[in-house]
Amino acid sequence: MAKTLGATINNALRVIGEPDITEFTSANQLQNILIDTANEAVHDILEAARYRWGMHRDYFTTHDDLTTGTVVVTNGSTTVTSSGNNFTNVAAGDVLRVTGDQTSYVVASVNTSANPDTLVLEDAYQGTTASAAEYVIFRDTYALSITGLDEVVVARYGENAMTGSDEIRLTNIQNIYDRADGDIHKNTSGKPKWMAQRSPNSSNNPQWLLWPYPKDAYVVELWHTIRFTSNTTFATEMFGGDAPDIAYDAVSHKCRERACLYDEDMRQAQYWAQQYERARFQLVSRESRAHRDDRSMSVETYRRGTYRVRGFTAVSQIAFDRV
């Protein structure tokens with residue numbers, strides 16, 4: 001049965017005679033220590049293997065690009081005017097690219113109360129002044145508002161991702177620029193194939209750059225791990241799926257060990273440390289069995305062996321090992 005972070009911390013508190021809690025207090029030293037210990041235990045378990053039940057699952061949706069109408073652009077000016085009221089779905093952080101110009105401009109703000117709509121660029125437009133320029137506005141960077149996001153492990157196109165070709169590969173920004181020959185906005189296939197982390201936004205949410213930038217709305221499915229803090233919801237589950245009981249037991253044992261160390265009860269701390277290692281071993285054994293089947297292949301290897309027979313050294317021709 002799934003266990004929450006709060007239940008795990010309470011298990012540890014009971015061992016040293018502390019009362020149960022119903023929420024975390026950021027100033028409480030023992031609670032913070034136990035939360036950090038839970039993080040370490042979960043990390044250790046998932047570093048052994050990326051178990052399917054260890055991942056949390058979230059989604060975000062990409063945006064359509066915008067090419068409706070034309071825009072008025074002026075050399076040296078940061079203001080761009082729409083030929084109509086076409087900027088309704090444009091937001092700060094989006095990118096403007098005028099047809100025939102190889103420079104990308106980041107949108108600083110949008111005014112849709114004006115008639116027609118206008119927007120302001122972060123940097124002044126350096127291209128040729130035009131009163132009816134064709135353009136594209138798109139979004140290539142997406143902030144992930146996932147509480148406690150630690151690591152994105154898999155990204156792909158949601159429920160429609162039936163084949164590996166729909167997986168978005170995780171990389172770094174330098175690799176994306178190398179693949180794009182230095183111009184990540186030069187062209188697009190419409191479906192991003194690569195994803196790189198950027199610096200957090202003003203709300204401290206992690207941001208990810210998609211390349212090629214999406215032209216349409218896609219539901220992107222994320223499998224990820226999280227890191228618990230004192231701001232984490234008390235009812236947050238320890239693992240993303242229905243993990244085996246032994247996995248929850250392992251984390252609880254580790255937290256109990258740390259609580260006993262805090263209470264300077266070394267004998268009990270040693271006992272729970274042993275229980276933790278035992279649970280981890282059982283977990284690995286259980287998961288290894290779960291991933292074996294009757295069609296697994298038997299491999300024979302050939303190894304020479306050396307023996308002592310009546311004072312003489314004898315070398316066997318072939319020794320068989322079955323793996």
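1. Two strands count as paired here if DSSP finds at least two bridges between them. With that in hand, look at E5 and E6: Val 110 stands opposite Leu 119 in E6. This is a predicted model, by the way, so read everything below as a description of a prediction.

2. Staying with that pair, E5 (residues 105–111) and E6 (residues 118–121) run antiparallel, with 4 bridges between them. The link from E5 to E6 is a hairpin, and 6 residues make the connection.

3. On the other side of the numbering, E5 also has E4 (residues 95–98) as an antiparallel partner, this time through 2 bridges. If you want one pair to click on, take Val 95, whose bridge partner in E5 is Val 106. E4 and E5 form a hairpin as well, with 6 residues between the strands. Have a look at Gly 100 in that turn: its phi is positive, at about 90°.

4. Now the helices. Two packed helices are described by the angle between their axes and the distance between the axes. For H2 (residues 29–48) and H4 (residues 245–262), the axes come within 9 Å and the crossing angle is roughly 140°. Angles over 145 degrees would count as roughly antiparallel, and H2 and H4 are therefore classed as oblique to each other. Their crossing is right-handed.

5. Which residues of H2 meet H4? On the H2 side they are Gln 29, Leu 30, Ile 33, Leu 34, Thr 37, Ala 38, Ala 41, Val 42 and Ile 45. Facing them in H4 are Ala 247, Ala 250, Val 251, Lys 254, Cys 255, Arg 258, Ala 259 and Tyr 262. Sorted by class, this contact has 13 nonpolar residues, along with 2 polar and 2 charged ones.

6. H4 packs against H1 (residues 5–15) too, at an angle of about 40° and with the axes 8 Å apart. That angle makes H1 oblique to H4. The crossing of H1 with H4 is right-handed.

7. For the H1 contact, the list is Thr 8, Asn 11, Ala 12 and Val 15 in H1, meeting Val 251, Ser 252, Cys 255, Arg 256, Ala 259 and Cys 260 in H4. The class split there is 6 nonpolar, 3 polar and 1 charged. It's worth selecting Val 251, Cys 255 and Ala 259 in your viewer: these H4 residues are among those that meet H2, and they are also among those that meet H1.

Note on methods: Residues are numbered from 1 along each chain as its sequence is written. This is a predicted model: local features need pLDDT of at least 70, side-chain atom pairs count only at pLDDT 80 or more; totals for chains, interfaces and linings use all residues. Side-chain values use heavy atoms; hydrogens and water are left out. Axes are lines fitted to C-alpha atoms, for helices over the stretch in contact, and angles run from 0 to 180 degrees between N-to-C directions. Angles under 35 degrees count as roughly parallel, over 145 as roughly antiparallel, 65 to 115 as roughly perpendicular and the rest as oblique. A crossing is left-handed if the near helix is turned anticlockwise from the far one by less than a right angle, and right-handed if clockwise. Contact means heavy atoms within 4.5 Å. Ala, Val, Leu, Ile, Met, Phe, Trp, Tyr, Cys and Pro count as nonpolar, Asp, Glu, Lys and Arg as charged, and the others, Gly among them, as polar.
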